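Here are three short exercises to try with the structure open beside you. Have a go at each task before you read its solution.

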Amino acid sequence: MFTFSQLNTLENTGDSTFKATGTIYATGSGGTPDVHGPPAAWKKADEDVSVAGKFRALIKMEASRYVLIEYTLVER
């Protein structure tokens with residue numbers, strides 16, 4: 001099984017933090033979807049990709065890096 005995530009939204013809260021939401025995808029063994037592509041491209045390439053869950057995250061900008069502060073599964 002191959003699992004990957006994509007962001008759906010990224011919101012700047014104005015205080016050096018960002019709220020993010022996203023989708024976790026999974027494909028069977030041997031699947032090679034373009035993890036940067038949209039679901040329509042996977043379907044066109046005949047890739048079997050399913051939604052494995054959803055998440056939300058809180059990210060903080062510190063100097064020249066971004067730090068993941070919180071990561072929560074919201075749906076499985």
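**Exercise 1.** In this predicted model, find which backbone oxygen the side chain of T27 reaches, and decide whether T27 is buried or exposed.

*Solution.*
- Step 1: Start in strand 2, residues 17–27, where T27 lies.
- Step 2: Follow the side chain of T27 to the backbone oxygen of D48, at 2.8 Å.
- Step 3: List the neighbours. Leaving out residues up to four places away in sequence, T27 touches M1, F2, P33, E47, D48 and V49.
- Step 4: Check the accessibility. Buried means under 20% relative accessible area; T27 has 5%, so T27 counts as buried.

**Exercise 2.** Find which side chain meets that of R65 in a salt bridge, and say how many salt bridges the count gives.

*Solution.*
- Step 1: Recall the idea: side chains of opposite charge can pair when their charged atoms come close.
- Step 2: Look at R65 and E62, whose side chains meet at 3.3 Å from N to O. The cut-off for a salt bridge is 4 Å, and the count comes to 1.
- Step 3: Compare each partner with the limits. Exposed means over 50%; R65, at 52% relative accessible area, is therefore exposed. E62 has 30%, so E62 is partly exposed.

**Exercise 3.** Work out which residues form a nonpolar patch on the surface with Y71.

*Solution.*
- Step 1: Locate Y71 in strand 4, residues 65–75.
- Step 2: Check its cover: Y71 has a relative accessible area of 42%, so Y71 is partly exposed.
- Step 3: Add the partners L68 and L73; together with Y71 they have about 290 Å² of accessible area.

Note on methods. Residues are numbered from 1 along each chain as its sequence is written. This is a predicted model: local features need pLDDT of at least 70, side-chain atom pairs count only at pLDDT 80 or more; totals for chains, interfaces and linings use all residues. Side-chain values use heavy atoms; hydrogens and water are left out. Patches are made of residues with over 30% relative accessible area and no salt bridge: like charges are joined within 9 Å, nonpolar side chains (Val, Leu, Ile, Met, Phe, Trp, Tyr) within 5 Å. Accessible areas come from the Shrake-Rupley method with a 1.4 Å probe; for residues, only the protein chains shown count as cover. Helices (H or I, at least four residues) and strands (E, at least two) are DSSP runs, numbered from the N terminus. Buried means under 20% relative accessible area, exposed over 50%, partly exposed in between (1.4 Å probe, protein chains only). A polar contact is a pair of N or O atoms within 3.5 Å; within protein, one must be able to donate a hydrogen and the other to accept it, and residues adjacent in sequence count only if both atoms are side-chain atoms. Contact means heavy atoms within 4.5 Å.
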